[in-house]
Amino acid sequence: MRLSVIGCGYLGAVHAAAMASIGHEVVGIDVDQAKVEALASGRAPFFEPGLQEILTEGISAGRLRFTTDMADAKGAAVHFVGVGTPQQKGGYAADLTYVNAAVDALLPHLSPGDLVAGKSTVPVGTAADLAPRVSATGATLVWNPEFLREGFAVQDTVDPDRLVAGVPHGPEGERAAEILREVYHPSVGKGTPFIVTDYATAELVKVAANAFLATKISFINAMAEIAEVTGADVTQLADAIGHDARIGRRFLGAGIGFGGGCLPKDIRAFSARAEELGRGESVAFLREVDEINLRRRDHAVTLTIQALGGSVFEKNVTVLGAAFKPHSDDIRDSPALDVAVRLHGLGAHVTVTDPEAITNAKNIHPQLTYIHDRDEALTGADAVIVVTEWDQYRRELDPTHAKTLTRGTIIIDGRNCLDATAWRNAGWTYHGMGRP
Ligand code: UDX
């Protein structure tokens, strides 16, 4: 099928390349000339495992191209809209400027029978607002939210755990769902759940899923706070409750909390939308989820200060990690960098290392010292803090070797990802999050 994908960020670029990889003919469109040039020449503009390969493959097969010219969307049967919906400046609500601009720019190039498939995470009610503009051209609007995780985005797009299509009522909606089934034929063919519903439900599925995941993380971080005053170990607690199949162990990783381009802004936008709908109290708990999450960053800073004897002033602190999570170079709302910046603000000499995110981090926080080589970054440290659980730190960093590089022996495990016993046995003073 011929497809267009409007917006070539973390979501759109992966979607475009993944759709080409399953056999479609795809044009990716973005207003950012530099990004389009990179993509068109087969270079992934950000780090995402597997993206580079499918990008090169799609381009050389002639099934994938990128442009800044919206007119090139003409002729595609389905137009995916995957532009950003950031948090509004000075407020919690989602900024829909880019969604509106993308749809408006697309309208003149639509033909009757085309499908416009919204993928961006939007406040419930957005699709109903956009639908009349799309319908006026004879095209149909569907809402087809994306659940991809950064770091696994290619896999999640090619082989998702479910597909959701919010469609209009009646035969127009049935036809739209059929077209989407065709787009996702490999997944649909192998029995991936395909849920056809109305616009509002489709929009809500996405924000509800993210709200649930954020709540799960903040729940275990709240338990970490209790563990800290009782001497309990939150990781053992998580293991024990996680054995209950109704609870499950995933997303019960206590630490410095969630960040990234989705969970933080999505729970805030959900709160703001619920307020507008007169149902603020229904999701009032999300404020608490947000606050617990942010408190964990404070806690990591406090723990570092205490471990260094009451002050970090002029101490060498090596921060292992800058990305908001491993397998990504994304630093949007990264708890790791937040902690690093705060320690720097308190007078510590902060050295940050990360396998992928240094370039992005340096652009936003040039005041920190960045060193690519992990061992070089560790050299002379009074304290080391792990804030992104890359394998390079979690599995591959030998505590005995690390001790030969550093000046002090304080290790703070902001992600509870290290083997505490091994670090202690090697002579380190180990501090976890919610662990004795
Ligand atoms: C999230 C959703 O998982 C995805 O379905 C949605 O489409 C977009 O938002 P993503 O932002 O890529 O995906 O990251 P995710 O894996 O959910 O992690 C979010 C944050 O939570 C990271 O900072 C991670 O370190 C943190 N986290 C995750 C924890 O602190 N503890 C955990 O147990 C799991």
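This passage describes the ligand shell and two helix pairs of a predicted model.

Residues are numbered from 1 along each chain as its sequence is written. In this predicted model, local features need pLDDT of at least 70, side-chain atom pairs count only at pLDDT 80 or more, and totals for chains, interfaces and linings use all residues, while side-chain values use heavy atoms, with hydrogens and water left out.

The ligand is surrounded by 20 residues, a residue being near if one of its heavy atoms lies within 4 Å. Those that come nearest are Phe-147, Leu-148, Glu-150, Gly-253 and Lys-325. The shell comprises 10 nonpolar, 4 polar and 6 charged residues. Here Ala, Val, Leu, Ile, Met, Phe, Trp, Tyr, Cys and Pro count as nonpolar, Asp, Glu, Lys and Arg as charged, and the others, Gly among them, as polar. Helix α9 (residues 199–230) contributes the most, with 4 residues. Helices are DSSP runs (H or I, at least four residues), numbered from the N terminus.

Lys-325 places a polar side-chain atom 2.8 Å from a ligand oxygen. For Gly-259, a backbone N or O atom lies 3.1 Å from an oxygen atom of the ligand. A polar backbone atom of Leu-252 is 3.5 Å from a ligand oxygen. The protein covers 90% of the 660 Å² of accessible area that the ligand has on its own (Shrake-Rupley method, 1.4 Å probe).

The axes of α9 and helix α10 (residues 234–242) come within 9 Å and cross at roughly 135°. Axes are lines fitted to C-alpha atoms over the stretch in contact, and angles run from 0 to 180 degrees between N-to-C directions. The angle makes α9 oblique to α10. Helices α11 (residues 263–276) and α12 (residues 285–307) pack at about 155°, with axes 9 Å apart. They are therefore roughly antiparallel (angles over 145 degrees; under 35 is roughly parallel, 65 to 115 roughly perpendicular, the rest oblique).

Terms used:
A polar contact is a pair of N or O atoms within 3.5 Å; within protein, one must be able to donate a hydrogen and the other to accept it, and residues adjacent in sequence count only if both atoms are side-chain atoms. Helices (H or I, at least four residues) and strands (E, at least two) are DSSP runs, numbered from the N terminus.
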